[in-house]
Amino acid sequence: GFLGRFERVAARNAGMLRALAAEGVPLVGLDPSMTLVYRSEYKVLGADGMPKVQLAQEWLAQRLDKLPEPWGSSEQGSYLLLPHCTERANAAGSLGDWQRVFRRFGLELTVAASGCCGMAGTYGHEARHRATSERIYALSWQAKVAAHGQGGRRARGPGGGDR
């Protein structure tokens with residue numbers, strides 16, 4: 001139902017991205033789902049000459065030597081990542097990039113086994129699909145998010161072990 005509109009938006013966005021790339025601006029997408037749309041769906045629709053838009057972790061991992069030195073901090077520890085399911089399926093290698101970036105700062109990052117959060121694409125953001133989206137979230141993400149709180153840090157028990 002959205003294909004015609006998507007084609008128009010994709011053509012406009014592809015032109016903008018090509019113009020930015022021609023200026024030498026690194027193209028980095030913060031939303032994995034949209035960034036990966038640029039790589040796959042835009043090409044399927046014939047957006048020829050589409051420049052590559054990197055995921056944030058890909059861009060950072062290519063610049064590890066330029067990142068600041070780790071600093072001593074109480075923030076050292078172990079973090080948990082629940083990656084976007086589109087990211088896990090279409091850019092699995094990029095999850096290791098996140099781990100390399102975290103390691104650069106003396107931090108441990110564990111990539112959690114998880115499924116879909118229920119919010120990918122247009123479907124997950126439409127009000128009429130909210131209940132289904134919430135059920136999808138409850139299947140995989142809800143318990144993990146609740147167990148680890150909002151900081152993304154893995155809880156440590158007495159003696160330093162994970163809880």
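**Reading burial and helix geometry in a predicted model**

Valine 25 has a relative accessibility of 38% and therefore counts as partly exposed.

User: How should I read that value for valine 25, and where is the residue found?

Analyst: The model is predicted, and the value is computed from it. The general idea is a pair of cut-offs: buried means under 20% relative accessible area and exposed means over 50%, with partly exposed in between. At 38%, valine 25 counts as partly exposed. The residue is found in the loop between α1 (3-22) and β1 (28-29).

User: Which residues make a nonpolar surface patch?

Analyst: Met16, Leu20 and Val25 make one of about 230 Å². For the protein as a whole, the accessible surface comes to about 10000 Å², and carbon and sulfur atoms account for 57% of that.

User: How much of the protein counts as buried?

Analyst: The figure is 34% of the 163 residues.

User: What is the order of helices and strands along the sequence?

Analyst: The protein has eight helices and four strands. Along the sequence they follow the pattern α-β-α-α-β-α-β-α-α-β-α-α.

User: How do I judge contacts between parts of the chain that are far apart in sequence?

Analyst: Start with the share of contacts by sequence separation. Among contacts with a separation of 6 or more, 68% are between residues 24 or more positions apart. Valine 145, in helix α8 (residues 142-148), gives a case. Leaving aside residues up to four places away in sequence, valine 145 touches Leu82 and Tyr137. Leucine 82 is 63 residues from valine 145 along the chain, yet their C-alpha atoms are separated by 8.7 Å.

User: Is valine 145 buried or exposed?

Analyst: Neither label applies: its relative accessibility is 31%, so valine 145 counts as partly exposed.

User: How can I check the length of a helix, taking α6 (residues 93-104)?

Analyst: Compare the expected span with the distance between the end C-alpha atoms. The expected span is 1.5 Å times one less than the number of residues. Helix α6 has twelve residues, so it should span 16 Å; its end C-alpha atoms are 17 Å apart, which agrees.

User: Which residues of α6 are buried, and what covers them?

Analyst: The buried ones are Ser94, Leu95, Gly96, Asp97, Val101 and Arg104. Their cover includes three strands' worth of listed elements and two helices: β2 (54-55), β3 (78-81) and β4 (108-111), with α4 (56-61) and α5 (85-90).

User: What phi does glycine 106 take?

Analyst: Glycine 106, just after α6, has a positive phi of about 75°.

Terms used: Residues numbered from 1 in each chain as written. Predicted model: local features only at pLDDT ≥ 70, side-chain atom pairs only at ≥ 80, totals over all residues. Heavy atoms only, no water. Buried < 20%, exposed > 50% of the residue type's maximum accessible area, 1.4 Å probe, protein only. Contact = heavy atoms within 4.5 Å. Areas by Shrake-Rupley, 256 points an atom, 1.4 Å probe, with all protein chains shown as cover. Patch = residues over 30% accessible without salt bridge, like charges linked within 9 Å, V, L, I, M, F, W, Y side chains within 5 Å. Salt bridge = Lys/Arg side-chain N within 4 Å of Asp/Glu carboxyl O.
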